[in-house]
Amino acid sequence: IDKRYIPLLSLLSTVFALTAAWHVSYPYFLRWLEGFSFFSTLPDLSRIHYHLPGDLHRYVGAFLLQFYSSPFAGALIQAVISVAFVSCLWVCVRRIFADPEYMLWLAFIPLPLFVHYQLSDLTLSRSLVWVFCAIALASVAILLTIRKKPGLRMPKFLNNAISSIVLSATLVLCSCALLIKGNDLTRGYEEVARLEYLGQNQKWNEILHTVSMQDAQVNEYQRRYALLALLNTGKLADHAFAYGLSGSDDFLFTDVQEPFCLGFNILFYKSIGMSNPAIYHTYQRSVQSTPGVSFNTLRFLADSYLEAGDYTLAKKYIDILSHSTCHRRWVKERLPRLEQLKNESPSYPQTGPRFHLDSFLADISSMYDRYPYDSRFADLLLCGVLSQKDGGAFYGIFDVVCKHIYPDGKGIPDLYQEALLLLASKHPEILNRYKIDEAVWKRFADFTELMRQGKTAQAKRKYSGTYWAYVY
């Protein structure tokens, strides 16, 4: 291979290696970055939010992030940004040294540090500042060496084909290793972004396959996603306490203004059909993004108002998205439905405050009153009061729920049977009204015997995940 082509081949190989590292390690995080960003061709963005030319790096970053909806495209852009930085340094090396053909490795020296900071750059602005500075440095080097090129020379053992290939490859591999290892922040983002993506696509069983009971008990994000997956697969009443439920606050993030937390709240309310709270949290999440609005929130608001039949608000958010570079198809798919709404009334005309929210259990209780045969609201309500160790409230609610969900007193989930057995000493009629499975009776007898013998730790360990272990 002609030595003149070695730098080009090395840079292209670096693009390939970094793209693979980004795509394999952070596919969901890269997709999430697109949703958390916003770009528009409207003058509002360039004249009000970004003040050009001073904010050019932020403006370019916002433009590039809209292509991250494809993880591969996002990984490729991340890699190209890194290689653009290295290429500018390579220009400097070529202008400074007398025989630079085998000195590309000098330009790769800052690459691991660049990649390290790139991991925590959510808007690309910091990375682009580095690139712009490198461009300026390369320009200065060219201008200063137009007439006379410096004659700096590197020792022969560092200026040969073998050392160039070995040192360059080593620095690229170190950069890829840093990417793959990541840091706690980016790894955490990737983990939660994956759960959010699975939830948005209703892949509840995959969430339960991803999140173990042990992880759910110690990680607040995984616990909430696991509980939501249990709810939507009809398993909440079987495994709620095994996945770490310790209070009704474990179903939602309360008083936390953080994008991933608000994103979960949106997903929670959307999955159970409570659109107004979902829209409320969407507005809250929107202001967390750098421009004060994001693609994720705009898409959700547009679809929510289309579903509700609100032509004015649906058109507002669709119009905004129509001025982004990558939403033409998305907008085109929704225009027929938008046109239909012109002559339709909203599905649910607004009466009173749109976003009035009470306490979580009070809101769920209202939803159960409206949809008494939806077992999800019944399970949320019953598991919520059990998590508060309020047996009396559970019995009162269960008496109502049973008439709709378990009218013959059979098929009651084990968790509710466990609670009923504990209440039977005060309410003996329970044993006549509800059928307790023989297996539950045997486990309860063994649990109470261990407790009577003073083997509390053994009893809780043996029957971990049961309501009995939770109460005692």
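Which residues in α18 meet which residues in α19? The exercises below work through two helix pairs in this predicted model.

**Exercise 1. Describe how α18 and α19 pack.**

Solution.

Step 1: locate the helices. Helix α18 covers residues 311-322, and helix α19 covers residues 328-340.

Step 2: take the geometry. Their axes come within 10 Å and cross at roughly 160°.

Step 3: classify the angle. Angles over 145 degrees count as roughly antiparallel. The two helices, α18 and α19, are therefore roughly antiparallel to each other.

Step 4: assign the hand. α18 and α19 make a left-handed crossing.

Step 5: list the contact. From α18 come Tyr311, Ala314, Lys315, Ile318, Leu321 and Ser322; they meet Trp330, Val331, Arg334, Leu335 and Leu338 of α19.

Step 6: sort by class. The contact of α18 with α19 holds eight nonpolar, one polar and two charged residues.

**Exercise 2. Do the same for α21 and α22.**

Solution.

Step 1: locate the helices. Helix α21 spans residues 375-387, and helix α22 spans residues 391-405.

Step 2: take the geometry. The axes cross at roughly 165° and come within 10 Å. That makes α21 roughly antiparallel to α22.

Step 3: assign the hand. The crossing of α21 past α22 is left-handed.

Step 4: list the contact. On the α21 side are Ser375, Ala378, Leu381, Leu382, Val385 and Leu386. They meet Ala393, Phe394, Ile397, Phe398, Val401 and Ile405 in α22.

Step 5: sort by class. The contact of α21 with α22 has 11 nonpolar residues, one polar residue and no charged residues.

How values were computed: Residues are numbered from 1 along each chain as its sequence is written. This is a predicted model: local features need pLDDT of at least 70, side-chain atom pairs count only at pLDDT 80 or more; totals for chains, interfaces and linings use all residues. Side-chain values use heavy atoms; hydrogens and water are left out. Axes are lines fitted to C-alpha atoms, for helices over the stretch in contact, and angles run from 0 to 180 degrees between N-to-C directions. Helices (H or I, at least four residues) and strands (E, at least two) are DSSP runs, numbered from the N terminus. Angles under 35 degrees count as roughly parallel, over 145 as roughly antiparallel, 65 to 115 as roughly perpendicular and the rest as oblique. A crossing is left-handed if the near helix is turned anticlockwise from the far one by less than a right angle, and right-handed if clockwise. Contact means heavy atoms within 4.5 Å. Ala, Val, Leu, Ile, Met, Phe, Trp, Tyr, Cys and Pro count as nonpolar, Asp, Glu, Lys and Arg as charged, and the others, Gly among them, as polar.
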